[in-house]
Amino acid sequence: MIETAVFDTKSYDREYLSRAAGAERIAWRFQEFRLSAETAYAATGARAVCLFVNDRADRACLEALAPLGVRLLALRCAGYNNVDLTAARLLGLAIVRVPAYSPHAVAEHTVGLLLTLNRKIHRAYNRVREMNFSLGGLVGFDLHGKTVGIIGTGNIGRIAAQIFCGFGCEVIAYDPFPAPEWAAVHNVRYVDFHTLLAASDVVSLHLPLLPATFHLLNEETISRTKRGVFIINTSRGKLIETGALIAALKSGHIGGVALDVYEEQEGIFLEDLSGQVLHDDELSLLLNDPNVLITAHQAFLTHEALSEIARVTTENILKLEKGEP
Ligand code: NAD
């Protein structure tokens with residue numbers, strides 16, 4: 001049995017990990033709190049640690065985990081910006097992740113957010129439930145014929161682009177590592193970053209958070225976008241400078257913002273904070289803006305994605321039995 005401490009566990013993690021093939025060879029120790037240097041002691045006796053997007057595996061945390069006998073950090077997500085890879089290498093800790101589980105889940109949520117925000121379906125839903133059947137203030141725009149700029153054409157960005165093509169949008173894309181054959185098949189045109197910002201009615205982010213992409217959308221780059229632009233971020237919160245986003249919403253430069261991720265989401269997203277005071281003023285402003293729609297990092301949350309995450313994570317952990325990785 002491989003003792004595995006699972007941090008930031010939710011009911012669906014427990015359910016899907018427990019029933020994955022081979023899961024019976026793992027002694028799962030589900031913890032509801034997040035991993036950090038302060039909570040690392042909870043992995044005492046475990047050879048593997050399983051973590052998600054809001055866990056913080058920084059140097060201090062890894063230095064606390066290594067002497068406990070932990071050999072492997074199994075991320076049950078694709079992004080790995082929350083792990084200090086250099087420290088992990090120095091400490092001899094192996095890192096595994098789930099590079100692609102269901103890109104469709106995230107791409108479809110991206111499009112769902114845009115449709116909801118643009119056609120004001122969330123507001124209409126509430127209005128009708130109050131027996132208010134009026135339509136004032138619910139005017140949206142046709143997606144057909146609009147220019148959608150996809151930043152990052154990896155697994156998720158490509159599927160999002162294809163869905164937008166299905167709506168009859170003109171899809172343009174920017175990626176330092178383009179996929180020209182795919183683009184030719186789907187009639188997607190690669191342009192440079194600044195051209196994409198200037199030409200797009202909708203900008204959708206599908207790139208990783210790296211030192212080079214931190215605050216990719218900031219005061220300067222947002223000022224290059226079209227007035228009235230809709231921005232969607234289902235990738236990582238720190239790709240957008242929140243203060244600049246709020247200023248551009250206030251001035252009316254940005255027409256709408258849909259976020260599944262937020263710069264300071266750690267400790268907020270994935271938690272039930274109802275009835276508590278929210279101490280994040282920028283998030284409060286965003287939540288109260290009718291042109292903003294927020295979901296709490298749920299783009300991945302489909303049956304197919306959770307099954308695949310559990311399957312690959314279990315396989316990754318079981319590699320320890322063979323002395324890998
Ligand atoms: P991927 O690795 O398949 O693709 C990322 C693409 O971004 C690559 O083609 C890469 O070349 C490109 N890229 C790198 N730097 C860039 C830059 N400066 N400008 C433009 N493009 C750049 O990743 P993916 O599976 O498509 O996932 C994309 C992101 O989505 C992940 O990094 C992750 O942060 C996020 N994600 C979010 C959720 C969620 O639930 N919200 C779930 C899974 C993934």
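A residue counts as near a molecule if one of its heavy atoms lies within 4 Å of it, and that cut-off sets the first selection in this predicted model.

Begin with the ligand and display the residues around it: there are 23 of them, and those that come nearest are Y101, N155, I156, D175 and T234. Colouring this shell by class will show eleven nonpolar, nine polar and three charged residues. If you then draw the pockets of the protein, the space that the ligand takes up proves to be the largest pocket.

Next, keep the ligand in view and turn to its oxygen atoms. Select D175, one of the residues that come nearest, where an N or O atom of the side chain is 2.6 Å from an oxygen atom of the ligand. Move on to G154, which presents a polar backbone atom at 3.5 Å from a ligand oxygen, and then to S235, where a polar backbone atom is again involved, at 3.4 Å from an oxygen atom of the ligand. With a surface switched on, consider how much of the ligand the protein covers: of the 860 Å² of accessible area that the ligand has on its own, 84% is covered.

For the last stop, follow the chain to the loop that runs between β3 (48–51) and α2 (59–65), and select N54 within it. Is this residue buried or exposed? N54 has a relative accessible area of 3%, and because buried means under 20%, N54 is classed as buried. Finally, add Q265 to the selection, since the side chains of N54 and Q265 are joined by a polar contact of 3.1 Å.

Note on methods
Residues numbered from 1 in each chain as written. Predicted model: local features only at pLDDT ≥ 70, side-chain atom pairs only at ≥ 80, totals over all residues. Heavy atoms only, no water. Polar contact = N/O pair within 3.5 Å; in protein donor to acceptor, adjacent residues only side chain to side chain. Areas by Shrake-Rupley, 256 points an atom, 1.4 Å probe, with all protein chains shown as cover. 1 Å grid on protein atoms, 1.4 Å probe; cavity = no way out; pocket = protein on both sides within 12 Å on 5 of 7 lines; lining within 4 Å. Sits in = over half its atoms within 2 Å of the grid points. Nonpolar A, V, L, I, M, F, W, Y, C, P; charged D, E, K, R; others polar. Helix = DSSP H or I, 4+ residues; strand = E, 2+ residues; numbered from the N terminus. Buried < 20%, exposed > 50% of the residue type's maximum accessible area, 1.4 Å probe, protein only.
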